[in-house]
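Here is a briefing on one protein chain. Look over the sequence and the fold before reading on.

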Amino acid sequence: MQPVDFTTLTAACSELRTYWLPSRTEQVFQRDRYTISIALRTLKQRGWLEISWHPQAARICIGNPPPRVPDTFTFSQQLIHQLGGLALVGIEAIAPWERVVDFQFARRPQESALYHVYVEIMGKYSNVILTDANNLIITAAHQVSQQQSSVRPIQTGQTYETPPKLTGPVPSVSESAQRWQERVSLVPGAIKRQLLKSYSGLSASLVESMVRSANILPETTTDSLTPEDWQRLFQQWQVWLEALQAEKFHPAWMDDGYTVMGWGGVTPAKDTQELLNRYYTDQLNEQVFAQLRHQLSQKLNNILAKLRLKANTFIERLQQSDRADEYRHKADLLMANLHNWEAGMKEITLPDFETNLPVAIALQPDKNAVQNAQSLYKQHQKLKRARAAVEPLLAEVNTEIEYLEQVEAAIAQIEKYQTAEDLQALEEIRDELIGQRYLEDPEYRNRSTNEDSSSNFYRYRTPSGFEVLIGRNNRQNDQLTFRVAGDYDLWFHAQEIPGSHVLLRLEPGAVPEETDLQFTANLTSYYSRARQSDQVPVVYTQPKYVYKPKGAKPGIAIYKQERILWGQPQSIVKAQTL
């Protein structure tokens, strides 16, 4: 993940000063253990200033509104207690080339600051610290004890001390090309590495884009650069320093990250705020998505493995109970042939009543013929009782397996993170499994159930322009089938295969063409567990013929008056690869 460097921080703060000073503090909300959002209002606009001290994604930018869930963190409560209603009057770097920004709050503009919020963007050492006008620490996002750091402890009631000063030389727009080249080429090595070692205030991503913009490969050694190479690179160096001085930036998306200098940009961004908000939201969401998907998949695999083992055990017991009639038959044979029994016999062979074929019957030598027959009758009764007990247990386990396979299929369809909706769909599955008591997580923050997921369906258009809605998980499947579906719509599902509920939306009087039905069937088969097949049976019917059994788990439905089409999932795969 690309870290926020000094150049990016300067660009972000420059925009904040231009558009958000002065502004009134209305609210503080802590999104998670690393991020707060401060609601700011100016005469023209209202927005949420996002400040994060995440070890990989520390940043400052205008972000999205926070979710509508309770804020249980004390840090945000301490901040709003001190800053509520005050004006943000200043956003200043504490020193040249330092990645520490001082947010100053006063009663009104032009007055001296009553409080300072120091935001330290320093990788794993990032922090947010609130002090009073005398720089006494009131609270900090991350307190550092004397035992943790004797160099710079951060504790409530202590005086705020700035981070240790930079030790290396800092870039200067007045430095000559000759002196700059001498410093960078003093020790031969790759140009990217030598620039980073020679000056403070640089980042790997900035240097790489700078070197490439000068048409030089980052791994080119300093002793192999031509005078023309050095000249081009120094020109870019000057462009960078002048941009910092004038606070003129060109935020843009790169193939593998972002830039505020425009170097290597593929798509321009609206501004630095939008750039940082989207990049870090997506990057962190992708991390959470990968972890959550792995966790859910592993949990489901383990539960399903145990349930299938249990089902196999029940099946074996039923197979044994299938022999109940065999025990009764042998007992009947023995009772009909008592005269053939002899004391001490361990086995007796008697002709079958109907086929006359020999039937071997094992005997207990210490019991007489009648007692042996009684034992066989008891065994018959025991196995019959076992069947009566085991059959409902097997049905229960199979229902549970069917439900979890439906959940498993939903997770399989959400293969990788592309938008925030993908993570939300996965969080809804997690919440559902917690609700069904398959997962235990008392500390989880239920974000998704407080948000309307109706806009989170997969959406397509048929060849005739009809809308197709597809549930991403069981919660959405239920919502689609039993809330969204109208009287004129058609409901689709892969036949006896775990998969999504699919709705073909139709206006009154509208009649779909065969191509529309086939397209919807293809989508239904694609969003099922049989995605890899060439042909998949798909049923469709009117929503009024789809029911939820009493007490059924989410996503489970039964239907009638269905018709069958053969869906072709590979046609969807081919269409997506074009």
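The points below go from the whole chain to single residues.

The model is predicted. Its secondary structure comes to 13 helices and 22 strands. The radius of gyration is 36 Å, whereas a compact globule of 578 residues would come near 25 Å. No disulfide turns up in a search of the whole structure.

**Overall dimensions and packing**

- The C-alpha trace spans about 120 × 65 × 60 Å along the principal axes of the protein.
- Of the 578 residues, 47% are buried.
- Take the contacts between residues at least 6 apart in sequence: 57% of them join residues at least 24 apart.

**Helix H2 and its buried face**

- Helix H2 covers residues 74–83. Its buried residues are Phe-75, Ser-76, Leu-79 and Leu-83.
- Viewed down the axis of H2, these buried residues fall within an arc of 95°, so they line one face of the helix.
- The general rule behind such a pattern is that an α-helix has 3.6 residues a turn, so residues three or four places apart point the same way.
- Thr-74 and His-81 are exposed, on the other side of H2.
- What do the buried residues of H2 pack against? Their partners are six named strands: E1 (23–32), E2 (35–41), E6 (100–106), E7 (115–120), E8 (127–132) and E9 (137–140).
- Gly-85 comes just after H2 and takes a positive phi of about 85°.

**Strands E1, E5 and E6**

- Strand E5 spans residues 87–93. Two bridges join E5 to E1, and the two strands run antiparallel.
- Arg-24 stands opposite Ala-87 of E5.
- E5 also pairs with E6, again in the antiparallel sense, over six bridges.
- On this side, Ala-87 stands opposite Ala-106 in E6. Ala-87 thus has Arg-24 and Ala-106 as opposite residues.
- E5 and E6 form a hairpin, with six residues between the strands. Trp-97 sits in the turn and has a positive phi of about 70°.
- E1 and E6 are also among the strands that the buried residues of H2 pack against.

**The three-stranded sheet**

- Strands E11, E10 and E12 form an open sheet in the order E11-E10-E12. The pairing is antiparallel.
- Why is one side of E11 and of E12 left without a neighbour in the sheet? E11 (257–259) and E12 (267–268) stand at the edges, and each has a single partner strand, so one side of each stays unpaired in the sheet.
- Strand E10 holds residues 252–254. Three bridges join E10 to E11, and these strands run antiparallel.
- Met-254 has Gly-257 of E11 as its bridge partner.

**Cysteines**

- Cys-13 is in no disulfide. The nearest cysteine sulfur to that of Cys-13 belongs to Cys-61, 11 Å away.
- For Cys-61, the closest cysteine sulfur is that of Cys-13, and 11 Å is too far for a bond.
- In general terms, a disulfide is a covalent bond between the sulfur atoms of two cysteines.
- Cys-13 is buried, with a relative accessible area of 5%. Cys-61 is buried too, at 0%.

**Glu-428**

- Glu-428 lies in helix H10, which covers residues 420–435.
- Is Glu-428 buried or exposed? Its relative accessibility is 2%, under the 20% cut-off, so Glu-428 counts as buried.
- The side chain of Glu-428 makes a polar contact of 2.8 Å with the side chain of Asn-473.

**Ser-213**

- Ser-213 lies in helix H5, residues 204–213.
- Ser-213 has 31% relative accessibility and counts as partly exposed.
- Leaving out residues up to four places away in sequence, Ser-213 touches Gln-236 and Trp-263.
- A polar contact of 2.7 Å joins the side chains of Ser-213 and Gln-236.
- Ser-213 and Ser-172 are 41 residues apart in sequence. In space they are 20 Å apart, C-alpha to C-alpha.

How values were computed
Residues numbered from 1 in each chain as written. Predicted model: local features only at pLDDT ≥ 70, side-chain atom pairs only at ≥ 80, totals over all residues. Heavy atoms only, no water. Pairing = 2+ DSSP bridges. Helix = DSSP H or I, 4+ residues; strand = E, 2+ residues; numbered from the N terminus. Buried < 20%, exposed > 50% of the residue type's maximum accessible area, 1.4 Å probe, protein only. Polar contact = N/O pair within 3.5 Å; in protein donor to acceptor, adjacent residues only side chain to side chain. Arc of directions from axis to C-beta. Contact = heavy atoms within 4.5 Å. Disulfide = S-S within 2.5 Å. Rg over C-alpha atoms; globule rule 2.2 N^0.38 Å.
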